[in-house]
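This briefing goes through a protein model and the molecules bound to it. The sequence and structure come before the notes.

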Amino acid sequence: MEKLLYFDYSAFLLELFLICSIVMRKMYSNKVNRFFLILVTVTLFTTAMDIAAVALDRNGEGFVVMKYIFHSLYLFLHVVVAFFYLVYVLLQQDMWYRTTNKLWKIVVLFAPILSVGVITLLNPLTDALFYFDENDAYTRGWLFLSLYIVTLYYSIFIFYRTIHFRKNTDAMRTVSMTLGLFLILAASLVQLMLPHLLMDMFALAMGLLFMFMMVQRPEEVLDPDTGLNNLNSYVSDLRCSSANKKPETIIIIQFTNYAAIRDMLGYNDAVNFKRFLSKVILDNLARDKIRAEVYYIGSGCFRIRMDMRSLDKAELLANYINDYFRKDIRYNELVINLVTVVCVVRMPEDISETTLLRAFENDLTSSAYTGDVLYAADLYQKKKYDLLSSIDIIIDEAISENEFEVYYQPIYSIRQKRFNSAEALLRLKSKKYGFVPPDIFIPAAEKNGAIHKIGDIVMTSVCQFIGSDEFSGLGLDYIEVNLSPVQCMETDFAAHMIEIVKTNHVKPDQLNLEITETAAGEMQNAIANNINALYNAGINFSLDDFGTGYSNMQRIASMPFNIIKLDKTITQIDNNPNLVIVLENVVKMIKSLNMKIVAEGIETKELVERFSEMDCEYIQGYYYSRPLPKKELIAFLNTYNQTANV
Ligand code: C2E
Ligand code: MG
Ligand code: MG
């Protein structure tokens, strides 16, 4: 039967169109995109061979050698396309490394395609694949079916990979890759049954076009200004390599003051400046001939992902980049001073999971700026980022499962020689994660709004304690409760607190509310109104963590604090004579304002004595007691009071 070439011609045009689009849209910036271009090019070449072979069959009497070459190339390349499609899927899932890391895996992957190569090469001698009969007509040989078997073998491989490792890519890609595969398989089957139709190359071209539109979506994976991979590809690539347990080095480059520079430059110049930054990074890679994926993930943040084997190169590169950006940069007559954070992360040694890495990256700018290259190994405390990455869920669960407990740390009055008060400190014991420190959950709760509920839990629990019979015999004048500035911003906060106090029959002077120094320094109207309302209702206030912020003494003096709490960072005066002088004067100044002083974080007898010499009346710290659960506090104070009275 006469072979129909229409499908092949259409396939050829489609593939040509695809190649032009890829090249014109510059979609070869990463290895997956580059490989897709190779795949389409090989397919185009295969189609060309098919057309040439059929043309020779019709009009090429006598050109036996040429006929053999074109038919052989067509048949072999056809299987190569299936093999390359598999490689493309593996690259897409970042699976190449895991599929080739053992000898047997390499054999499983390469043996079939190599066998087809050998069979094709030997075909002129064996006639096993095809031959030309006495009428010079193309005839399939006894091994012809092996081509289909190998294609099927790779298709099953692709199908298995796509489905089994679907978590490595998004759902859209999985569906598209599977559909593309089915399209190709169906066409192959038709081709096997109806050889004269020659429609398999057309179906393949359609499959690739489909992939081009659905999977290779440049606008979703590339940053339009720099042409680098964007946040989407960063997250999905990380997910892949982490699922594959592929060891990698990641260089984090963040320009902390990028937003300010962008605003200063204006839109057009800012885009050019971003391109300039990207060029500096790419030039550094090119100079050292380093193979890596570079990403621009927004807000002045670049990432470089490279193979673990290039760790030494990565460290050198990080230092080059850091040194370059540390100097003043001349850009369009301007001198720009960038604050650059460069950090080297080894995955999975330093950080094992993508979510943890993202939490680490978000937190990176909060660590002190040193100007040197940072190493995640030094910075990363696994537990902390473990917790940070799921802190919202932990807090939600803690609220619904009652996992919060208020502890109390007693405060000693040197003059009265007794524990006159205690500070309520919240503890979170998560069933899943164990103990979660307040330094982690309080800031998170402030961000997600849970602090209001948490504040209520603490206040209610403290008021119930004060209102109970157990409390009256303990000799405590009041309990100190920490307030978050976020709580105090609610307009009806004061009224709400007063209601809890009244319901539990607590006298207002049995409470002392602590506000941190930083919050007091940036006092807004709403906060000040709430504080004044609570103060007018008879509740006293302490200024917490004094010495950690920039004290605005004038403002502090104008607010109704009757206690100043010296933070533990300034009470640790052991070997620092200058600090002692500063502290002595601070204590004098606070006393002259008629405020009481609590020294926090006192761990030794020696320090108790020194503060007592400074006439600092109240002491809080591990020297006397750690924060205790309510029951233990009661036992502790009862025992103390009994022995003190003897
Ligand atoms: P803070 O209010 O300054 O509390 C004092 C912190 O110092 C407590 O840490 C306490 O355990 C610790 N500390 C006490 N004595 C010593 C000592 O001798 N040595 C050392 N190294 N540390 C000592 P904690 O309990 O981890 O609380 C940390 C911060 O979390 C608190 O600092 C407070 O700002 C916040 N916080 C705790 N509970 C609450 C709460 O119920 N609400 C709010 N808004 N914040 C809370
Ligand atoms: Mg406090
Ligand atoms: Mg404090």
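**Metal sites and ligand 1**

Asn482 has a relative accessibility of 30% and therefore counts as partly exposed. The model is predicted. Asn482 is one of the donors of the magnesium ion (ligand 2), and its side chain also has an N or O atom 2.9 Å from an oxygen atom of ligand 1. The notes below take the two magnesium ions, then ligand 1, then two helices.

**Magnesium ion (ligand 2)**

- Glu423 (OE), Asn482 (OD1), Glu514 (OE) and Asp544 (OD) coordinate the magnesium ion (ligand 2), at 2.0 to 2.2 Å.
- Along the chain, the donors of this ion follow the spacing E-x58-N-x31-E-x29-D.
- Asn482 belongs to strand 13 (residues 478-482) and Glu514 to strand 14 (residues 511-516); the pair is 32 residues apart and links distant parts of the chain.
- Glu514 has a relative accessible area of 1% and is buried, whereas Asn482, at 30%, is partly exposed.

**Magnesium ion (ligand 3)**

- The protein donors of the magnesium ion (ligand 3) are Asp544 (OD), Asp545 (OD) and Glu600, which is listed with OE twice; they lie 2.1 to 2.6 Å from the ion.
- The donor residues of this ion have the sequence spacing D-D-x54-E.
- Asp545 is in strand 15 (residues 540-546), while Glu600 is in the loop between strand 17 (596-599) and helix 28 (605-613), so the pair ties together parts that are 55 residues apart in sequence.
- Asp545 counts as partly exposed because its relative accessibility is 22%, and the cut-off for buried is under 20%.
- Glu600, at 10% relative accessibility, falls on the buried side.

**Link between the two ions**

- The magnesium ion (ligand 2) and the magnesium ion (ligand 3) lie 4.0 Å apart, with Asp544 coordinating both.
- Asp544 also has a polar side-chain atom 2.8 Å from an oxygen atom of ligand 1.

**Ligand 1**

- Ligand 1 sits in the largest pocket.
- It is surrounded by 23 residues, of which the closest are Arg427, Asn482, Asp544, Glu603 and Tyr622.
- A nitrogen atom of ligand 1 lies 3.0 Å from a polar side-chain atom of Gln409.
- On its own, ligand 1 has 800 Å² of accessible area, and the protein covers 86% of this.
- At least two residues of the shell around ligand 1 come from each of strand 11 (418-430), helix 18 (438-448) and strand 15.
- Strand 11 gives the most to this shell, with 4 residues.

**Helix 14**

- Helix 14 (residues 354-364) has 8 of its 11 residues buried, so the rest of the structure largely encloses it.
- The buried residues are Thr354, Leu356, Leu357, Ala359, Phe360, Glu361, Asp363 and Leu364.

**Ser21 in helix 1**

- Ser21 lies in helix 1 (residues 6-24).
- Its relative accessible area is 12%, so Ser21 counts as buried.
- The Ser21 side chain reaches the backbone oxygen of Phe17 at 2.9 Å.
- In an α-helix there are 3.6 residues a turn, so residues three or four places apart point the same way.

Methods. Residues are numbered from 1 along each chain as its sequence is written. Chains are lettered from A and ligands numbered from 1 in the order in which they are written. This is a predicted model: local features need pLDDT of at least 70, side-chain atom pairs count only at pLDDT 80 or more; totals for chains, interfaces and linings use all residues. Side-chain values use heavy atoms; hydrogens and water are left out. Donors are N, O and S atoms within 2.8 Å of the metal (3.2 Å for Na, K and Ca); water is not among the atoms, so sites may look incomplete. Buried means under 20% relative accessible area, exposed over 50%, partly exposed in between (1.4 Å probe, protein chains only). A residue is near a molecule or strand if one of its heavy atoms lies within 4 Å of it. A polar contact is a pair of N or O atoms within 3.5 Å; within protein, one must be able to donate a hydrogen and the other to accept it, and residues adjacent in sequence count only if both atoms are side-chain atoms. Accessible areas come from the Shrake-Rupley method with a 1.4 Å probe; for residues, only the protein chains shown count as cover. On a 1 Å grid over the protein atoms alone, a cavity is a set of points where a 1.4 Å probe fits but cannot get out, and a pocket is an open set with protein on both sides within 12 Å along at least five of seven lines; lining residues have an atom within 4 Å of a point. A molecule sits in a cavity or pocket if more than half of its atoms lie within 2 Å of its grid points.
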